Amino acid sequence: MKDVTSTALVPTAAPPPYNSLPDAKPCSPKPDYGNPAFPQANLYELEQRVFVDQWSIPYKKDESLAKCLIAATNLAKEGQCESNSDCRNFMESCMPECFRKLLTALAVRNWQPDVQEGVYNMLMLLIDLTVERLGYNPVPEKLLSNVLTMAFDPEAEFHIKNKSRQSTLEQGLVVYAKSRGSLDPYGWLLDVINKFGSRGGFDKILAKFGENLTANEMAALLNPLAVCAQFLNPDTTCSLLSPCMNKAISYIKGLTDDDLKNKNIGSVTELLKAVKMLCVYLWPQEIASTSTLCLDVILRMLKCSHFNARMNGLKELIKLIDDCSATGASSKAAIDAEQLQNWMAENNVLSITLESNIDQAQYMDKIKSIIEFVGQRLSIEELTKIWSMQDRQNCQVVDNIHGIMAAASTKFSQQQFDHLITLISKAWRGSSDITWRRLLTFIGKLGKESNQGKVSTKLLDLLWELLHLNSLPQAHVEQFVEEFFSILSEMGNRDSAKRQYVARCVDDIKKNMCVIPALKMLRHISGAKGSAGSKGPPYKQDKFIFNELNRSHEVVKLVSTSLATCHRDAVKLANGKSVLPLVLVDGIYSHKEHVMTHLEFLQFLLKDGSQYLPWNRAKEIWDTLVTNPDACSSDREMCFEWFEKCLPDLEADTQSLLFQHKLLKMDPSQVGSKAFSCFKTYFEHVNIHESKLKKRPGVLIVEKLELSGIDFLWQISLAAPEEEIAEMAIDFILDLSYKFLSPRLKKDVVSLHHRFINECYNRLKAVAETIGDTAMTTAVSNATKTLTAMAVSEAISLSLPKRTNRSQNICRLLHLAERYISSIEGQHSVPRVILPHGASFYGFPVTLCIVSDTIKDSVKIRCHSNATVGSMKEKVARLFKQIPSNLQISMDDIPLPSTEDQKRLSQYKLKDNQKIHVKVIGSGLILPSEIEEDSVVPLATSQVSTMAAATASPSAGQQPSFYLEQEKQLPGVVISSGGNVFEMLYQLASMDDPRIAEQVQTLLHLIPPDPAVIDALDQICMKSSPAAPPVPPPRLSGSPKKSGSPAPREKTPVEGSDVVLRRLLDPNGRNPFRLLYNLQVLSARLMPTNQDACSNVFCENFLQAGGLSHVLRVLHRDGLPQDVDYAVRQGIYFTALQITRFLICGQNVPHALQSSSTSSVSTTCGAPSPVKPTTPKKLQVDLVRMTPFSTVTPIIKTMSRALLEEVVDSLVRVAWAAAAGQL
């Protein structure tokens, strides 16, 4: 068995036999519930092979297709094709698909001759079926239109492939088809037609026309004959078809208006087409009359009021238009284009079509083709009439009219196009914003449809004229620029047009007329990308435009001058008031938009035009937008941002001049974020150019300390009105002063610290001189002299701050010093021996709420505000029976890294019951079970040895000299070494400004205690032990002596202990702030956080010297003046009560020892005791166990009644006052 397959596309491949196909499966017959005469199995097999991608159609007479055709023919003889469901399915679905693929598939060209002959045989069987089916009603429209028409079509692939074949049928007496002298005989096609005639096909068609037929049925009967009309024998067929033609023409002529409204009216045009095709070859003399008949029907349809009829008329008219340019057999039946145009003009077809339904988009699309076809035959009157149809119509109608006019404009003559431009100009005048927008869109469409040189030039001239007629809204101006540029970019001779409009734009800028559109046009013409909202694509830059602008027009000077002119116009509009950014300068664009457009165009010229901004032009722009007294803040911000972006486009000399003469001359109190960013950028570039800075990826490196503009940076940090700007300046100063220094400059860190601190002192001195406070000026001068003696520094000229800003300047200078110390000492992770003042005494109690996934309920632990983060971590680690390195601890979702272990809790913004989130992340060393609960979590062996060496008391002799030398180089230690700094800070704290006092207190907490206070307390030990040799007691580790002074101290008159204590603790004779500080130092001596042996001796000596009575005096009713700051008063009372409890009861600080939780945890934030020889395991435990303070003898047991009553009275008064918030 063989079949036709789609795989035969390869010329050398033969069609495979059906039984060799992988998809071929034996078909199981389906039960037949109807007439068994039709072979169901063959039908099912055929369907499985036809309706697939890799189709395979049997072509042998003993295979499925032939069997089905024969069976259908037999049923047709009995008139039962439609009554049999399988036969009906075959004829309506399967058979048309088979012949479509057999006759029209491209694979036909590659089939072998035996396959071609098989298809020929199938066509003969098809003719038999068709003739038999014509024997009874109804007319088989689908069979005739879909299948027989393909079989008779000489342009089918099968007939083209076999057009050289000779006829194989014996010619009878009657010849229905014959070759007309063509080189190709089309023998097989003639055989098919003659077979149809010899079987009585023509006779049956004639018989059918004797019945009452519809247009569909008549078209179905004539269409197969029309496609092969060129091969029909007139001698035989004319007599048979003449009655059919007459009836068809009579039917068409007799159509009523109701018939024209019918949705099946399209069949009439098919019938007309078939009639005309037959006339071309059989009745040539009737061609004109049939053409006229066709046009009359279309005209009647167009004049009909029914939309469907008009739409069908348009479709048929467009088909006629398309046939005019078509080729092939159908073109012979087409109406000549000239005849069709004349007919349309004589009958006003275009006007008729536009009488209604112009709001329907699909309807207007058809009319667009008609107008394009009419083209230059369209009269000026008709053109005007079409344009006027949009008057007082909705937007849809306007868009439709514009659409068809734009499409038809490609065929317009010069006169027609000029008239259209005149119509646009008239419509523009006096129109609304909506009309302007639609007209601009229409002009853009015209430019896209007809991109001819003359037409585009006229459209550009029209746009330019319209732009200068009215003050367009801003959105329309933007649209104008887009449409103008879209037309210009499509022109063939765009270079000359660009030169012309560049000159026009420059002229407008010089005249200060339409400046913004002119600048936008120049930017687009030069090849810039559109704005963010622009729809147009980016275009390459035209270098010749840049050259033209620079050579002929000095465009940089032109734009900078225009900017100054526009700014003066805005000032005039302000009429003596401040210039508002949103004021409309030209009625369209605001002042801000004018400035921005000028700057953006200049930036474009500099970057894309390879231009550099000279100093005179940069100065002009700066003077216009920054130093100009009429400039507003918006002007300055845009200018700062622009200069920052354009820095690479300024010559090096211009950068330096702008930095020195403009940026450094700004008022530091007026510097905003944009100004600071601009200053910082130029600061870096200028110093890099001067080889004072080096730029490496992601970081700057300072090579020289004397940086250009550094003094102005200090001024910004002190005078900036916004704290955010001040913080940015401070950060930059700190980076330049230490962090970004090269390794060469960091070799002598002590000198660097002296240099920075001396800078702060000099500026404090400048502030003190404005205040007129002699005492403070003297204190600052003494501190400056001390530092100058310690490290020589160059004198700098300082601009004196305004008196109104002195408090801000002082606060920020103190903050600078605080940040400097914190940033550097934060990198020192080894536990301190020389403790800062804030870490040397116990602060306020703090409750922390420990939250973790590993514990069910939250646990509260108690610390104090001066405890280090490291000590808090150790408490938490002991709670979890882990070492701190196994825990991830965070506060407010911010992790606390190990580098911050030496920071105090008070340096964080703690809330009441602050939540601490803990997560166990490691599986390292775990607390052994034999360690008692009140001990701290043991550290790893390496950590223990390091911690032991780092935290041991200096008196124990275990601190390595390396760490001690490192501490002596820390900025806090360096500052405290010059003792006069404390006197200056005390003077600052005495000013009537709580902000300054708070900042001083913060700074004092970062540096070791005042050596003068330490010395005064040391005298108590010396005076209270007459039997002991006059050797001073061991010095507190947190109070280093003044370094760099090897000479012995001068002997001063020895004061008694009572005098010393009264000088330190007298609430009436001492400044409250200094009293608080002295009490804190005293607390550190009595209850040091890093306990050493000397604290017990000092405690006994202090009691013997009557120190308790001096502390109690602070708690008396009139102990403190009424005007003391509440925070200072609260601190004084808290520290005094802390000391009193310790001295009277002989106990330690409660909140330093206990924890509040479901399972009680107790610890002390102290240092480990001296290490004794022991086993390694015992050593590990002893090193981390906390040693409580050595208690003194509780003097409450030996106190006199009067003293006890005094104590109780003071405590009751303070307790009640504190409870009422009235300390």
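# A guided tour, from helix 52 back through the chain

Begin by selecting V1212, which is found in helix 52, spanning residues 1201–1219. The model on screen is predicted. V1212 is partly exposed, with a relative accessible area of 40%, and it belongs to a nonpolar patch on the surface that also takes in I1196, L1204, V1208 and W1216. Show these five residues as a surface, and the patch they form together has about 480 Å² of accessible area.

Next, move to Q1019, found in helix 44 (residues 1011–1023). Is Q1019 buried, partly exposed or exposed? With a relative accessible area of 25%, Q1019 is partly exposed. Add V1060 to the selection and draw a distance between the two C-alpha atoms: Q1019 and V1060 are 41 residues apart in sequence, and 7.9 Å separates them in space.

For a helix in another setting, select residues 980–989, which make up helix 42. Eight of these 10 residues are buried, so the helix is largely enclosed by the rest of the structure. The buried residues of helix 42 are V981, F982, M984, L985, Y986, Q987, L988 and A989.

**The sheet**

Now turn to the open sheet, in which five strands run in the order 6-5-9-7-8 with mixed pairing. Which strands stand at the edges? They are strand 6 (859–864) and strand 8 (894–895), and each has a single partner strand, so one side of each is left without a neighbour in the sheet.

Select strand 7, residues 887–891, and look at how it is flanked: with strand 8 it pairs in the antiparallel sense over two bridges, and with strand 9 (residues 914–920) it pairs, again in the antiparallel sense, over five bridges. S890 is a useful residue to pick here, since its bridge partner in strand 8 is P895, while in strand 9 it stands opposite H917. M891 has I894 as its bridge partner in strand 8. Strands 7 and 8 form a hairpin with two residues between them, and D892 in that turn has a positive phi of about 55°. Strand 7 is mostly covered, four of its five residues being buried.

**Aromatic rings**

The structure holds 29 aromatic pairs, and one of them joins W464 and F484, whose rings lie 6.4 Å apart, centre to centre, with 55° between the planes, a tilted arrangement. This pair links distant parts of the chain, as W464 is in helix 22 (residues 453–467) and F484 is in helix 23 (residues 474–489), 20 residues apart. Both W464 and F484 are buried.

A second pair to display is F601 with F604: the ring centres are 6.2 Å apart and the planes stand at 45°, so this pair is tilted. These residues are three apart in helix 28 (residues 591–608), and are therefore separated by about one helical turn. F601 and F604 are both buried.

To see a larger grouping of rings, select F659, F676, F679, F683, F712 and F732, which form one aromatic cluster.

**Charges over rings**

Finish with two places where a charged side chain meets a ring. R133 lies over the face of Y136, at 4.0 Å from the ring centre. The last selection is K903 with Y908, where the charged end of K903 sits over the ring of Y908, 4.8 Å from its centre.

How values were computed. Residues are numbered from 1 along each chain as its sequence is written. This is a predicted model: local features need pLDDT of at least 70, side-chain atom pairs count only at pLDDT 80 or more; totals for chains, interfaces and linings use all residues. Side-chain values use heavy atoms; hydrogens and water are left out. Rings of Phe, Tyr and Trp (its six-membered ring) pair if their centres lie within 6.5 Å; planes under 30 degrees apart count as stacked, over 60 as edge-to-face and the rest as tilted. Buried means under 20% relative accessible area, exposed over 50%, partly exposed in between (1.4 Å probe, protein chains only). A charge sits over a ring if NZ of Lys or CZ of Arg is within 6 Å of the ring centre and within 35 degrees of the ring normal. Patches are made of residues with over 30% relative accessible area and no salt bridge: like charges are joined within 9 Å, nonpolar side chains (Val, Leu, Ile, Met, Phe, Trp, Tyr) within 5 Å. Accessible areas come from the Shrake-Rupley method with a 1.4 Å probe; for residues, only the protein chains shown count as cover. A salt bridge is a side-chain nitrogen of Lys or Arg within 4 Å of a carboxyl oxygen of Asp or Glu. Two strands pair if DSSP finds at least two bridges between them.
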